[in-house]
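This report describes selected features of one protein chain for a reader who has its sequence and structure at hand. Please consult both while reading.

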Amino acid sequence: MLPRGAMVEIGGGTPAGAEAAAERLIGRGATAVISFGLAGGLDPALRAGALVVPEAVTEAGATYATDPALTGALPRGGLALAADRILATTAEKRAAHAATGAAIVDLESGAVARVAARHAMPF
């Protein structure tokens, strides 16, 4: 059950879809946005199924901090890498972790963070 006033949109698993979904939520009156879903693990210390609530998302040289008020009740840590395609091989994941230090990678969080920043709202 969603909290009263909460809204949900589905972005279809792509950066463009996530951006459009976030814009739809804002158009419907959302005052904060949260990206939630599955991510690929980059940090070799992470176990499969680990819950990661990143402190920030990095995308194309920009870094977007997550809002501690939205994530305060969850264990936060690490960096999420926003990618424009699935990193499918172990070599790609190792290279991404080495280059960025990111713990996880996904396709949607960067787009949602960008929309939140554009509208000056919590992410």
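What distance should the 13 residues of helix α1 span at 1.5 Å a residue, and how far apart are its end C-alpha atoms? The model examined here is predicted. Helix α1 covers residues 15-27, and its expected span is 18 Å because the rise is counted as 1.5 Å a residue. The C-alpha atoms at its ends are 18 Å apart, in agreement with that expectation.

**Helix α1 and its surroundings**

Several residues of α1 are buried, namely G17, A18, A21, A22, L25 and I26. The cover over these buried residues includes helix α4, residues 109-118. After α1 comes G29, which has a positive phi, near 110°.

**The strands**

Strand β2 (residues 56-59) pairs with strand β3 (residues 62-65) in the antiparallel sense, through four bridges. Together β2 and β3 form a hairpin, with two residues between them. In the turn of this hairpin, A60 has a positive phi of about 50°. Strand β2 is also joined to β4; these two strands run parallel and share three bridges. Residue V57 takes part on both sides: it stands opposite Y64 in β3 and opposite A80 in β4. The pairs are listed below.

| Residue | Partner | Strand of partner |
|---|---|---|
| T58 | T63 | β3 |
| V57 | Y64 | β3 |
| V57 | A80 | β4 |

Are the two faces of β2 buried or exposed? Both faces are covered: A56 and T58 are buried on one side, and V57 and E59 are buried on the other.

**The loop after β4**

Residue A83 is located in the loop between β4 (79-82) and α3 (90-100). A83 has a relative accessible area of 13% and is therefore classed as buried, since buried means under 20%. Leaving aside residues up to four places away in sequence, A83 touches P15, V105, D106 and L107. In sequence, A83 and G72 are eleven residues apart, while their C-alpha atoms are 25 Å apart in space.

**A nonpolar surface patch**

Which residues make the nonpolar surface patch of about 380 Å²? The patch is made by I34, F36 and L70. Of these, L70 belongs to helix α2, residues 68-71. Its relative accessibility is 33%, so L70 counts as partly exposed; this class lies between the limit of 20% for buried residues and that of 50% for exposed ones.

Methods: Residues numbered from 1 in each chain as written. Predicted model: local features only at pLDDT ≥ 70, side-chain atom pairs only at ≥ 80, totals over all residues. Heavy atoms only, no water. Patch = residues over 30% accessible without salt bridge, like charges linked within 9 Å, V, L, I, M, F, W, Y side chains within 5 Å. Areas by Shrake-Rupley, 256 points an atom, 1.4 Å probe, with all protein chains shown as cover. Salt bridge = Lys/Arg side-chain N within 4 Å of Asp/Glu carboxyl O. Buried < 20%, exposed > 50% of the residue type's maximum accessible area, 1.4 Å probe, protein only. Contact = heavy atoms within 4.5 Å. Expected span 1.5 Å × (residues − 1). Pairing = 2+ DSSP bridges.
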